[in-house]
Amino acid sequence: AFIDQYNFYHTDSPKKKIYKIKTHKNNKIISKKIFKKLSPKDGSPDGMTLDKYKNLWVAHFNGARVSVFNKNAKLIHRINLPAQNITNCAFGGQNNNELFITSATKGMDKAGLQKFRYSGFLFSVKTNSKPQLQKSNSIKISYNQSALGQSHNSLRSSQRIRIRADR
């Protein structure tokens, strides 16, 4: 998640750490500091996004939630979900105040799938926040359609449910 042109957050999922990284204009790393280290019971940090207040919204793989941390790494909100492996989150929707949250079934056994029966679903959560506005940059992205393979085609639109998160 990019804070600005020279600062961003990066997750190291196996180490359960989120780093705050500062780069020079030539893209060399100037500093890399631990922003937050999650405990084993919290799962691993995965995908992230920033809101307009620069709060960091973090998906917890094997943690069944999205956490929101302020710029000082203090937990300010948590969204618990009925899926175990939360993989990413991004703002969108008509008013840009919905958080779309993806999840996965990777590594789950039959008992886990029964307990977290919505694993693999896409969630939409109304929030009282909006995304951080990024400066517009133009980049060219190319990909090989056949490289997307089965994983791209396996997402089913019927796997979207709505839940409500209140403070």
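**Exercise 1. The three-stranded sheet**

Task: In what order do the three strands of the open sheet stand, and which are the edge strands?

Solution.
- Step 1. Read the order. Three strands make up an open sheet, arranged 1-2-3. Their pairing is antiparallel. The model is predicted.
- Step 2. Find the edges. Strand 1 (7-12) and strand 3 (29-37) are the edge strands. Each of them pairs on one side only.
- Step 3. Add the twist. From one strand to the next, it averages 25 degrees.

A reminder on pairing: strands of a sheet pair through backbone hydrogen bonds, and they do so either parallel or antiparallel.

**Exercise 2. One pair in detail**

Task: How many bridges join strand 2 to strand 3, and which residue is the bridge partner of Y19?

Solution.
- Step 1. Locate strand 2. It covers residues 17-23.
- Step 2. Count the bridges to strand 3. There are seven, and the two strands run antiparallel.
- Step 3. Look up Y19. Its bridge partner in strand 3 is I34.

**Exercise 3. The four-stranded sheet**

Task: What is the order of the four strands in the open sheet, and which residue stands opposite R65?

Solution.
- Step 1. Read the order. The strands follow 4-5-6-7, with antiparallel pairing.
- Step 2. Find the edges. These are strand 4 (44-50) and strand 7 (75-80), each pairing on one side only.
- Step 3. Add the twist. The average is 25 degrees from one strand to the next.
- Step 4. Take strands 6 and 7. Strand 6 spans residues 65-69 and pairs with strand 7 over five bridges, in the antiparallel sense.
- Step 5. Look up R65. It faces N80 in strand 7.

**Exercise 4. Buried or partly exposed?**

Task: Is M48 buried or exposed, and how does F100 count?

Solution.
- Step 1. Place M48. It lies in strand 4.
- Step 2. Apply the cut-off. Buried means under 20% relative accessible area. M48 has 15%, so it is buried.
- Step 3. List its neighbours. Leaving out residues up to four places away in sequence, M48 touches A1, Y9, H10, T11, I18, L56, W57, V58, N88 and C89.
- Step 4. Check one distance. M48 and V66 are 18 residues apart in sequence, and their C-alpha atoms are 9.0 Å apart in space.
- Step 5. Turn to F100. It sits in strand 9 (residues 98-104). Its relative accessibility is 23%, so F100 counts as partly exposed.
- Step 6. Check its distance to N88. The two residues are 12 apart along the chain, and 8.2 Å separates their C-alpha atoms.

Notes
Residues are numbered from 1 along each chain as its sequence is written. This is a predicted model: local features need pLDDT of at least 70, side-chain atom pairs count only at pLDDT 80 or more; totals for chains, interfaces and linings use all residues. Side-chain values use heavy atoms; hydrogens and water are left out. Two strands pair if DSSP finds at least two bridges between them. Axes are lines fitted to C-alpha atoms, for helices over the stretch in contact, and angles run from 0 to 180 degrees between N-to-C directions. Buried means under 20% relative accessible area, exposed over 50%, partly exposed in between (1.4 Å probe, protein chains only). Contact means heavy atoms within 4.5 Å.
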